[in-house]
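Hi everyone, thanks for coming along. I'd like to walk you through a structure today, so please have the viewer open and follow with me.

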2 protein chains.
Amino acid sequence: MDTKYVYRFIEGDAGMRELLGGKGANLAEMSKLGMPVPNGFTITTEACNKYYDDGEKINDEIKAQIFATLENLEKETGKKFGDSENPLLVSVRSGARASMPGMMDTILNLGINDTVAEVIAAKTGNPRFAYDSYRRFIQMFADVVKGLSKKRFEEIIDEVKKEKGVKNDLDLDAEDMKELVKRFKAFYREELGTDFPTDPKDQMMEAIEAVFRSWNNERAIYYRKQNDIPSSWGTAVNVQMMVFGNMGNDCGTGVAFTRNPATGERKLYGEFLMNAQGEDVVAGVRTPNKIDQLKEIAPEAYEQFVKICDTLEHHYKNMQDMEFTIENGKLFMLQTRNGKRTAQAALKIACDMVDEGMINTDEALLMVEPQQLDSLLHPMFDADALKEAEAVTTALPASPGAACGQIVFTAEEAIVEAANGKKVVLVRLETSPEDIQGMAAAEGILTVRGGMTSHAAVVARGMGACCVSGAGEIEMDEPNGQFTVNGQTFKRGDFISLDGSTGKVYGGAIPTVPAEISGDFDRFMKWADERRRLKIRTNADTPRDAAQAVSFGAEGIGLVRTEHMFFDGDKIKSIREMIVAKTPEQMEAALAKIEPLQQEDFEGIYEAMEGRPVTIRYLDPPLHEFLPHKAEEVAELAAEMGMEADELQAVVDGLHEVNPMMGHRGSRLAVSNPGIARMQTEAVIRAAINVNKKHPEWNIVPEIMLPLIGDLKELKYVKKIVDDTAKEILAEEGVDMEYHVGTMIEVPRAALQAGELAKEAEFFSFGTNDLTQLTFGFSRDDAGNFLPKYAEAKIYENDPFAKLDQTGVGELIKIAAERGRATRPDIKLGVCGEHGGDPASIEFVDGLGLNYVSCSPFRVPIARLAAAQAAIKHSK
Amino acid sequence: MDTKYVYRFIEGDAGMRELLGGKGANLAEMSKLGMPVPNGFTITTEACNKYYDDGEKINDEIKAQIFATLENLEKETGKKFGDSENPLLVSVRSGARASMPGMMDTILNLGINDTVAEVIAAKTGNPRFAYDSYRRFIQMFADVVKGLSKKRFEEIIDEVKKEKGVKNDLDLDAEDMKELVKRFKAFYREELGTDFPTDPKDQMMEAIEAVFRSWNNERAIYYRKQNDIPSSWGTAVNVQMMVFGNMGNDCGTGVAFTRNPATGERKLYGEFLMNAQGEDVVAGVRTPNKIDQLKEIAPEAYEQFVKICDTLEHHYKNMQDMEFTIENGKLFMLQTRNGKRTAQAALKIACDMVDEGMINTDEALLMVEPQQLDSLLHPMFDADALKEAEAVTTALPASPGAACGQIVFTAEEAIVEAANGKKVVLVRLETSPEDIQGMAAAEGILTVRGGMTSHAAVVARGMGACCVSGAGEIEMDEPNGQFTVNGQTFKRGDFISLDGSTGKVYGGAIPTVPAEISGDFDRFMKWADERRRLKIRTNADTPRDAAQAVSFGAEGIGLVRTEHMFFDGDKIKSIREMIVAKTPEQMEAALAKIEPLQQEDFEGIYEAMEGRPVTIRYLDPPLHEFLPHKAEEVAELAAEMGMEADELQAVVDGLHEVNPMMGHRGSRLAVSNPGIARMQTEAVIRAAINVNKKHPEWNIVPEIMLPLIGDLKELKYVKKIVDDTAKEILAEEGVDMEYHVGTMIEVPRAALQAGELAKEAEFFSFGTNDLTQLTFGFSRDDAGNFLPKYAEAKIYENDPFAKLDQTGVGELIKIAAERGRATRPDIKLGVCGEHGGDPASIEFVDGLGLNYVSCSPFRVPIARLAAAQAAIKHSK
């Protein structure tokens with residue numbers, strides 16, 4: 001059988017969303033429910049894909065199906081394209097599978113030409129309406145189909161108004177509209193060298209093609225990328241008989257939500273305009289009326305509409321967002337869809353609908369986007385103050401929340417000024433591990449360089465601090481303590497405000513308000529916790545982060561990055577002494593200084609976690625990260641350490657690596673410098689013993705995680721260092737304490753060798769950041785140079801560092817999980833890379849039956865909900 | 001049943017080599033054949049492993065088995081340890097599965113103490129012999145078991161000789177020997193604080209333990225590493241009744257080969273000494289006699305020996321290396337094994353034995369080590385001249401052959417001086433891609449930094465040029481045009497000689513001789529070609545290399561690295577213009593300059609290969625490799641290019657990468673800069689058209705290989721650029737020519753996605769260098785900092801860049817081969833990484849059924865033989 005590319009509304013239903021798009025499927029569903037929907041048909045998303053496959057051409061088969069269905073429409077409506085008695089006018093609208101509001105194009109009033117306009121004028125006795133519709137059609141067609149500037153049309157309207165001496169569109173009469181049509185057509189011919197098309201069929205085919213094309217316009221591509229919509233889905237096109245809200249004062253048009261999309265309140269919420277077409281409501285030229293005023297203006301239509309709203313909400317079991325038109329007092333439904341809503345509204349609606357008995361808790365859990373919760377966890381700008389503000393630049397929304405403070409340019413300044421009680425924003429070209437304390441002290445971080453996965457972005461998200469990154473328009477002038485952006489200069493101490501959720505940077509101080517966490521939030525998250533199978537842990541390196549994560553519901557720590565602790569205070573000094581040590585004795589002496597400090601770190605974390613499990617990863621980065629690289633900094637440090645600059649430079653040079661990501665790091669450090677692993681073991685074991693003494697009820701069982709392991713012999717070698725040290729200390733302290741040793745799975749070889757590794761490893765934690773880097777052969781630090789081009793070329797539509805690559809990296813995780821379990825059936829499996837907080841990635845690893853994911857504190861609630869949704873989907 | 005750890009010789013046979021070691025198995029076999037072998041027993045390799053598992057202790061079970069077998073030996077020989085009438089003396093010798101000549105330890109005359117010495121003196125009427133044996137035993141025991149310096153013992157002997165006024169050991173009489181025993185024991189006590197052990201059983205157990213320990217002495221570890229012998233094999237220990245070659249003038253000892261190990265001549269070859277023990281022959285104190293002189297001295301023993309030699313050679317079907325002793329005119333066999341031989345001898349012996357009907361050609365092919373052939377392909381030092389020379393330093397034997405020339409310090413100098421007819425050796429801290437022409441112009445390359453897989457080493461091996469790398473003892477002083485090593489200073493223009501096979505560096509000029517390739521070589525390689533299934537291609541970037549490889553038997557080129565061509569002449573200039581281009585027009589203009597030059601390159605290679613298949617890989621390295629990095633070089637180049645230094649520096653900075661191995665390279669360049677792929681396609685297609693016009697009989701079918709592909713969409717994207725360009729040119733030229741497009745498999749994701757990739761790729765070539773880097777997460781450039789430690793810790797005993805990691809990387813190759821074939825059954829599969837020339841890796845990929853391997857020209861003969869051996873092994 002030939003493929004069916006065109007469906008009449010009555011041939012479809014809501015289940016055919018993939019083929020008919022959301023709008024088409026819902027128009028079909030409403031038709032089926034007997035609601036007043038103007039007749040029409042949908043050209044499928046498959047036709048759109050075929051259009052692109054055929055090199056942007058609508059082939060003859062599809063054309064034939066369109067014309068056949070059009071003929072049927074003409075028969076059913078008794079109207080005819082171009083007819084001199086009962087002419088058919090249609091709208092042509094896009095409708096993708098997922099709702100993409102305003103992203104693609106719409107053409108109304110299609111089918112008008114000079115003849116038809118006259119017929120309509122005569123038939124309706126309303127020539128102004130006829131020519132108003134005509135000029136609107138020309139405007140939309142010229143814009144959408146031909147890409148002519150909208151501005152020029154507005155100018156022409158202004159010219160005519162001026163000539164006539166009026167200010168309002170409504171003051172233009174039929175003759176003026178006729179004049180506009182004339183001038184519009186002239187401009188069209190002038191610009192394009194052809195006359196405006198008069199044959200309605202030609203108009204329609206051009207419009208359909210334009211909608212297909214609009215699937216790949218810039219804003220649609222951007223929206224898809226933001227919302228993870230694959231480009232392969234395509235858009236459907238809906239051709240629908242026009243009904244007119246602008247035919248007179250018993251006509252009108254409006255949009256409404258079944259509940260308040262901002263607050264979730266259960267009350268019809270919407271706006272309408274009488275004697276207007278759809279775009280007038282949105283355009284804001286006239287101020288629309290509140291929906292309940294319709295009760296007085298058109299009581300019958302209003303009653304009918306309220307009833308329909310209720311039916312639709314119960315039918316779809318979700319808050320609906322609808323468009324309607326009233327033509328000569330008669331109501332027509334033009335669209336319904338699940339309404340977009342704020343996080344707060346989403347939670348309230350979900351809870352209310354459960355209480356109303358409309359949905360069960362599983363359905364409620366599936367109704368809220370996990371990512372949305374993020375906005376409930378961070379401070380926000382005061383909404384009124386924000387209205388006045390204009391951004392000086394917009395960069396990457398690297399870590400959400402709002403921040404306002406005085407500009408500082410170094411981590412040291414940030415620490416000092418914050419200690420003085422000032423609120424500061426740290427502005428840097430880019431951040432590095434030494435800046436961490438300064439970043440923690442600042443309200444927000446603004447960087448000139450770096451992407452969504454830059455150091456600043458990753459660390460800020462981990463801290464829950466607001467961060468805007470990659471603000472390339474900023475020209476730094478550090479020597480003069482200032483920077484310039486788009487002509488404005490900001491000096492040290494000036495106020496600046498950042499919105500980490502939008503990437504906008506504002507000059508001056510915009511007050512922030514703490515986020516509101518309503519009771520619904522708590523209730524909702526408890527449902528999620530009951531439903532999910534995956535445990536949620538957090539990645540945290542400080543007691544502060546640990547406590548924050550626990551308050552967000554973390555059940556343990558999946559990753560303590562011990563190296564982050566190495567940067568503060570005396571530790572960095574001793575670490576550097578260890579690195580430059582020339583004799584084993586010097587090295588041991590330096591390690592002996594670090595041990596008690598490191599132990600103190602671990603005790604703090606154990607205290608904060610109150611007996612919850614904590615996985616501590618041993619030193620991971622290459623040692624050169626702890627030394628400066630610039631000659632002047634080396635000289636300075638050398639002086640501080642009582643060394644010759646040359647000598648220290650030689651150490652720095654000796655540690656230099658061509659590809660540090662694949663260099664001397666992870667457990668390779670433990671193999672070459674067992675003293676470090678010994679010191680860390682001592683610190684972990686002693687910390688656990690001490691805290692257990694104070695809180696025997698916590699019964700802490702240390703979990704020691706070895707990074708970057710690739711082979712069983714390597715794991716055995718490092719594990720032996722750990723075991724020997726641990727045994728020695730336990731014997732010395734006369735304590736009998738369990739502890740576990742596990743490994744990261746982050747090099748592809750480890751995934752393949754998981755069956756072997758599980759002989760020694762009591763748990764695996766998938767380090768999906770490094771595993772992604774190595775599986776693709778991409779450096780995360782460098783991929784920014786080519787990944788955008790890959791996204792543009794539709795090779796990789798998602799950033800694999802944000803969303804787990806299920807086919808490649810995912811297969812390695814699957815292999816490792818299977819082989820690990822075959823050797824050790826009760827092996828504990830978790831994910832501790834950035835993907836641990838990404839809902840799609842969580843769904844994937846839930847499907848593999850992993851035990852937990854670990855993510856940054858501010859992602860814990862997201863992960864809890866995502867895990868619940870995954871469990872619901874997998875139980876189906 | 002309990003494990004049997006000790007076997008009497010008559011309980012074993014040659015098939016038990018794994019358990020009994022080579023020596024033990026062959027002693028058993030000779031016993032079984034009825035040859036005169038002194039009675040004894042073997043302690044197994046399993047006992048050795050148990051010894052290590054038990055923490056370097058011989059457990060009671062093994063001890064009991066040893067003593068029980070010893071008791072049996074005493075019964076059978078009628079001799080007894082420490083007996084006052086018929087004392088038993090034994091030798092204790094190591095014997096690993098693979099022959100490791102001289103690597104481990106041997107103790108003779110064990111069982112002597114003061115009493116036994118007197119008994120022997122009386123019984124033999126030869127007190128000198130008794131005390132000579134005694135003092136030898138003390139010397140060996142002190143050295144092998146206790147690690148005392150041999151030197152001191154030699155000094156004591158010299159003192160006694162001096163006191164006596166004689167020069168030769170043979171001039172010392174019984175009393176002198178007694179005196180030596182006294183002084184040796186005194187020295188032993190002084191050094192160790194204990195008396196020399198008098199109980200023969202204690203002596204034996206200590207000796208056995210010492211042999212086990214010797215398995216892990218430094219030279220044994222080194223030898224194993226050189227010869228790929230796993231440390232898990234362990235060594236056996238042979239305890240054997242002593243027979244004495246030093247009991248008088250009707251006694252003697254010798255070693256012999258059934259054929260000449262240097263030339264392969266079929267004639268008994270060996271040496272012996274009368275009235276001597278084994279070590280005297282080797283030590284060179286006395287000059288031994290040629291084996292045929294034995295005919296006159298001990299005709300009966302000689303006759304018997306000749307017969308035994310013949311029997312053994314036929315029995316083992318291989319040239320034998322034997323040890324024997326004559327005691328009072330009676331012959332005893334102490335060892336037989338397959339003899340080590342030169343490559344030349346190996347080929348002659350293999351061919352002769354086929355002609356003699358002793359073996360078939362398969363057996364002949366298995367008889368020669370593929371690696372050995374290497375020595376037949378490179379020039380060598382004149383052997384006499386070499387005898388005089390002493391190395392000034394020894395570094396890594398990075399690329400074999402000998403080279404002699406005048407020192408230059410830059411690639412430019414090398415080119416200029418070579419053009420002036422001088423022979424030069426290029427000495428550099430390390431080399432980089434810009435040095436390639438200079439390296440080609442030099443006789444040899446010496447680098448201060450870098451390992452066996454450094455740039456210099458890899459490129460030199462590819463060129464077949466001699467290279468010594470990592471000569472860290474050299475202190476460079478480039479500003480003064482000189483370097484210093486171990487106190488000697490060498491100036492620009494001084495002569496220096498390198499041995500790339502040993503890593504030795506000599507001052508002065510040592511003449512070299514071209515290698516001799518005898519007729520046997522040709523004949524032998526033809527057998528290999530008939531037998532192998534794998535095709536052998538070469539990695540070659542120039543017509544010179546291509547021709548060289550063809551002369552060595554290459555059947556095609558598996559890898560043309562186009563970037564190597566980019567460095568010479570005008571190309572580098574245009575490449576740089578392309579990189580700094582600011583507009584598409586400038587970029588196109590630069591590419592247009594490169595295209596004809598690149599086309600010329602390809603034509604040259606097609607001409608050299610005379611119709612054999614050639615796989616051309618598109619540009620692979622990141623673009624920053626084509627720009628200088630040092631400020632002064634940037635300034636210089638900027639001036640040359642008519643740019644501001646700042647401007648060029650900005651380009652260099654912009655291209656900087658944190659991890660260039662995982663950066664913007666490979667097909668990522670084609671995605672971001674399609675112009676490069678278009679230019680290369682034009683060059684390939686036009687070159688093939690032109691050469692086909694001249695030589696229609698060659699019918700060249702271009703093979704285009706896309707590097708670093710990780711996803712089907714990426715492959716499609718780049719392939720489309722290739723196809724569009726190719727079609728355009730073929731249409732323009734009116735030519736109908738086939739061409740193939742394939743992909744490298746070098747990122748793990750590509751291996752996993754091979755089933756998808758095979759939809760578009762007509763062939764896969766495994767880039768095992770990069771695949772190894774990414775699978776392990778090792779950077780080849782940086783792994784030198786920790787891999788030695790990993791080898792030492794026995795984690796990775798082989799360098800995975802030299803020998804394919806079969807479990808990790810190998811599994812990915814297996815997965816890719818299976819999935820690729822499932823999609824496209826006739827897909828062509830090859831290996832083009834460094835491993836393509838490694839015999840073990842070749843055997844592995846032959847097992848996977850790959851179609852070809854590609855290696856550097858000088859490895860082609862090795863690969864041909866290795867492929868034949870693999871085919872023979874897999875057909876069994």
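Let's begin with the aromatic rings. Over all chains of this predicted model, there are 49 aromatic pairs. Take A:Phe566 and A:Phe626: their ring centres are 5.9 Å apart and the planes make an angle of 45 degrees, so we call this pair tilted. Planes under 30 degrees apart would count as stacked, and over 60 as edge-to-face. Where do A:Phe566 and A:Phe626 sit in the chain? A:Phe566 belongs to the loop between α21 (562–565) and α22 (569–580) of chain A, while A:Phe626 belongs to the loop between β26 (614–617) and α24 (631–641). With their positions 60 residues apart, the pair links distant parts of the chain. Both A:Phe566 and A:Phe626 are buried.

Now compare that with a pair in chain B. B:Phe137 and B:Phe141 are edge-to-face, with 65 degrees between the planes and 5.7 Å from centre to centre. Why are B:Phe137 and B:Phe141 separated by about one helical turn? Because they are four residues apart in helix α5 (residues 127–144) of chain B. These two, B:Phe137 and B:Phe141, are both buried as well.

Stay with that helix for a moment. Of the 18 residues of α5(B), 15 are buried, so to speak of it as mostly covered is fair. Here is a nice check you can do yourselves: at 1.5 Å a residue, α5(B) should span 26 Å, and its end C-alpha atoms are 25 Å apart, which agrees.

Back to rings, this time in a group. A:Phe776, A:Phe778, A:Phe786, A:Tyr790 and A:Tyr796 are linked into a cluster by ring pairs. Rings can have charged company too. The charged end of A:Lys4 sits over the ring of A:Tyr7, 4.9 Å from the ring centre. In chain B, B:Arg537 lies over the face of B:Tyr852, and there the distance to the ring centre is 4.6 Å.

Next, some strands in chain A. How many of the seven residues of strand β5 (residues 235–241) are buried? Seven of the seven, so β5(A) is largely enclosed by the rest of the structure. A:Thr235, A:Val237, A:Val239 and A:Met241 point one way from the strand, and A:Ala236, A:Asn238 and A:Gln240 point the other way. On one hand, strand β2 (residues 40–43) is joined to β5(A) by four bridges and runs antiparallel to it, with A:Phe41 partnered by A:Val239. On the other, strand β3 (residues 90–96) pairs with β5(A) over seven bridges, also antiparallel, and A:Arg93 has A:Asn238 as its bridge partner.

Strand β24 (residues 535–539) of chain A has four of its five residues buried, so it too is largely enclosed. Its pairings are parallel: four bridges with strand β31 (residues 852–855), and two with strand β25 (residues 557–561). Look for A:Thr538, which has A:Cys855 as its bridge partner in β31(A) and stands opposite A:Ile557 in β25(A).

Finally, the two chains together. Rotating chain B by 180 degrees, with 0.1 Å of shift along the axis, superposes it on chain A with an RMSD of 0.2 Å. That is the relation of a two-fold axis. Which C-alpha of chain B is nearest the axis? That of B:Asn659, at 2.2 Å. The same surface serves both copies, since 100% of the contact residues of chain B recur in chain A.

Note on methods:
Residues are numbered from 1 along each chain as its sequence is written. Chains are lettered from A and ligands numbered from 1 in the order in which they are written. This is a predicted model: local features need pLDDT of at least 70, side-chain atom pairs count only at pLDDT 80 or more; totals for chains, interfaces and linings use all residues. Side-chain values use heavy atoms; hydrogens and water are left out. Rings of Phe, Tyr and Trp (its six-membered ring) pair if their centres lie within 6.5 Å; planes under 30 degrees apart count as stacked, over 60 as edge-to-face and the rest as tilted. Buried means under 20% relative accessible area, exposed over 50%, partly exposed in between (1.4 Å probe, protein chains only). A charge sits over a ring if NZ of Lys or CZ of Arg is within 6 Å of the ring centre and within 35 degrees of the ring normal. Copies are superposed by least squares on the C-alpha atoms of residues with pLDDT of at least 70 in both. Contact means heavy atoms within 4.5 Å. Two strands pair if DSSP finds at least two bridges between them. The expected span of a helix is 1.5 Å times one less than its number of residues.
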